[in-house]
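Q: Please take a close look at one part of this structure, and describe how it packs and how its charged side chains pair. Then follow the description outward to a few residues elsewhere in the chain, with careful attention to what the model supports.

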Amino acid sequence: AFFLTGETVIVADASEDVTRVAQYLAARLKPATGYQLNIVSEQPEANFIALTLQGAEATLGDEGYTLTATPNGVTIAAIQAAGLFYGVQ
């Protein structure tokens, strides 16, 4: 299980589309948690939610995604930003 804290960061690939999804996620989490999560480009070793367009299976299609959760963090990977958007839902 991964536990979200006020120190958790959202890691976004260096793409405008991914950054927009990261901003959307941060905005959605704030009312529910009270945390204003920072968006960063470098992934720390722990306490992160990573949004990436790297390493996803091509068979996922434009709107598909994978979500991997460990005690250190959560990674959502997709082929397109639309997949990341659906992944943060």
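**Two helices and a charged network**

A: In this predicted model, α1 and α2 run roughly parallel to each other. That description rests on the packing angle between α1 and helix α2 (residues 81-88), which is about 10°, and because angles under 35 degrees count as roughly parallel, the pair falls into that class. The axes of α1 and α2 lie 9 Å apart, and the crossing in which α1 passes α2 is right-handed.

The contact itself can be described residue by residue. From α1 come Asp17, Val18, Val21, Tyr24 and Leu25, and these meet Ala81, Leu84, Phe85 and Val88 of α2. Sorted by character, the residues of this contact comprise eight nonpolar, no polar and one charged. Since Asp counts as charged, the charged member of the contact is Asp17, which α1 contributes.

Aspartate 17 also leads into the salt bridges. Side chains of opposite charge can pair when their charged atoms come close. Over the whole structure, a search finds two salt bridges. In one of them, arginine 20 pairs with aspartate 17, and the closest N and O atoms are 2.3 Å apart. Both arginine 20 and aspartate 17 belong to helix α1, where a spacing of three residues sets them about one turn of the helix apart. With a relative accessibility of 38%, aspartate 17 counts as partly exposed, because this value lies between the 20% that bounds buried residues and the 50% that bounds exposed ones.

The other salt bridge joins glutamate 16 to arginine 20, with 3.5 Å between the closest N and O atoms. The positions of the two residues show why they are separated by about one helical turn: glutamate 16 and arginine 20 are four residues apart in helix α1 (residues 16-33). Glutamate 16 is exposed, its relative accessible area being 65%, whereas arginine 20 is partly exposed at 46%. Arginine 20 pairs with aspartate 17 as well as with glutamate 16, and through such shared partners Glu16, Asp17 and Arg20 are joined into one network.

Further along the same helix sits threonine 33, which lies in α1 and is partly exposed, with a relative accessible area of 30%. Threonine 33 and alanine 82 are 49 residues apart in sequence, and their C-alpha atoms are 24 Å apart in space.

After α1, the chain enters the loop between α1 and β2, where leucine 37 is found. Leucine 37 counts as buried, since its relative accessibility is 3%. Apart from neighbours within four places in sequence, leucine 37 is in contact with Leu4, Thr5, Gly6, Thr8, Ile10, Ala26 and Leu29. Glycine 6, one of these contacts, is 31 residues away from leucine 37 in sequence, with a C-alpha to C-alpha distance of 6.7 Å.

The loop between β2 (38-40) and β3 (48-52) holds proline 44, and asparagine 47 lies in that loop too. Proline 44 is partly exposed, at a relative accessible area of 31%, and beyond its neighbours within four places in sequence it is in contact with Val9 and Val11. Between proline 44 and glycine 34 the sequence separation is 10 residues, while the C-alpha atoms are 22 Å apart. The backbone of asparagine 47 has a phi near 65°, a positive value in a residue other than glycine.

A last residue, leucine 67, returns the description to the region of α2. Leucine 67 is placed in strand β4 (residues 65-69) and counts as partly exposed at 46% relative accessibility. Leaving out neighbours within four places in sequence, leucine 67 is in contact with Val74, Thr75, Ile76 and Gly87. Leucine 67 and phenylalanine 3 are 64 residues apart in sequence and 15 Å apart in space, C-alpha to C-alpha.

Technical notes. Residues numbered from 1 in each chain as written. Predicted model: local features only at pLDDT ≥ 70, side-chain atom pairs only at ≥ 80, totals over all residues. Heavy atoms only, no water. Salt bridge = Lys/Arg side-chain N within 4 Å of Asp/Glu carboxyl O. Buried < 20%, exposed > 50% of the residue type's maximum accessible area, 1.4 Å probe, protein only. Axes fitted to C-alpha atoms, helices over the stretch in contact; angles between N-to-C directions. Parallel < 35°, antiparallel > 145°, perpendicular 65-115°, else oblique. Left-handed = near helix turned anticlockwise from the far one by under 90°. Contact = heavy atoms within 4.5 Å.
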